[in-house]
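User: I am new to this structure. Please show me how to read its features, step by step.

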Amino acid sequence: MHVHHLLEKDSIANTFISQLRDVNLQTDRMRFRRNIERLGEIMGYELSKNFSFSEQEVQTPLGQANI
């Protein structure tokens, strides 16, 4: 099992976390909600790096493609 500490490196996630924790900004419900969504997107992206993917053949309008 691999543990990934999202906040160990400088990233945009640090900004979202600091805004979530800021007492003055917590009252802005829309910003709070959007920052939670953004963190979920970042975590989903980081998790996807550990998935196993296999190549598939797909029919596209331009012909067959291996994806």
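**Reading the contacts**

Analyst: Salt bridges come first. The count comes to four salt bridges. Keep in mind that this is a predicted model.

User: Which residue forms a salt bridge with R31?

Analyst: The partner of R31 is D28, and their closest N and O atoms are 3.5 Å apart. That passes, because the cut-off for a salt bridge is 4 Å. Check the surroundings too. R31 is partly exposed, at a relative accessible area of 33%. D28 is also partly exposed, at 32%.

User: Which salt bridges link R34, E37 and E41 into a network?

Analyst: Take one pair at a time. R34 meets E37 in a salt bridge with an N to O distance of 3.0 Å. R34 also meets E41, here at 3.6 Å, N to O. Together, R34, E37 and E41 are linked in a network of salt bridges.

User: Why are R34 and E37 separated by about one helical turn?

Analyst: Look at the spacing along the chain. R34 and E37 are separated by about one helical turn because they are three residues apart in helix α2, residues 29-48.

User: Are the network residues buried, exposed or partly exposed?

Analyst: Read the relative accessible area for each. R34 has 31% and is partly exposed. E37 is partly exposed at 41%. E41 is partly exposed as well, at 49%. For E41 the label holds because exposed would need over 50%.

User: Now the interior. How should I read a nonpolar core?

Analyst: Start with the general idea. In soluble globular proteins, nonpolar side chains tend to be buried together. Now the case here. The largest nonpolar core has five residues: A13, F16, L20, L39 and I42. Two elements, α1 (12-21) and α2, each give two or more residues to this core. α1 gives the most, with three residues.

User: Which residues does L20 contact beyond its neighbours in sequence?

Analyst: Leave aside residues within four places in sequence. L20 is then in contact with Q26, F32, N35, I36 and L39. One of these, L39, is a fellow member of the core.

User: N35 is on that list. Is N35 buried or exposed?

Analyst: N35 is buried, with a relative accessible area of 1%. The cut-off for buried is under 20%, so N35 qualifies. N35 sits in helix α2. Its side chain joins that of R38 in a polar contact of 3.2 Å. Beyond four places in sequence, N35 touches F16, Q19 and L20.

User: Let us leave the helices. Where does T27 lie?

Analyst: T27 is in the loop between α1 and α2. T27 is exposed, with a relative accessible area of 65%. The T27 side chain reaches the backbone oxygen of N24 at 3.3 Å.

User: Last, the strands. In what sense do β1 and β2 pair?

Analyst: β1 (residues 57-60) and β2 (residues 63-66) pair in the antiparallel sense, over four bridges. They form a hairpin with two residues between them.

User: Which residue is the bridge partner of V58?

Analyst: V58 has A65 as its bridge partner, in β2. One general point helps when you look at the side chains. In a regular strand they alternate between the two faces of the sheet.

Notes. Residues numbered from 1 in each chain as written. Predicted model: local features only at pLDDT ≥ 70, side-chain atom pairs only at ≥ 80, totals over all residues. Heavy atoms only, no water. Salt bridge = Lys/Arg side-chain N within 4 Å of Asp/Glu carboxyl O. Buried < 20%, exposed > 50% of the residue type's maximum accessible area, 1.4 Å probe, protein only. Core = buried A, V, L, I, M, F, W, Y, C linked by side-chain atoms within 4.5 Å. Contact = heavy atoms within 4.5 Å. Pairing = 2+ DSSP bridges. Polar contact = N/O pair within 3.5 Å; in protein donor to acceptor, adjacent residues only side chain to side chain.
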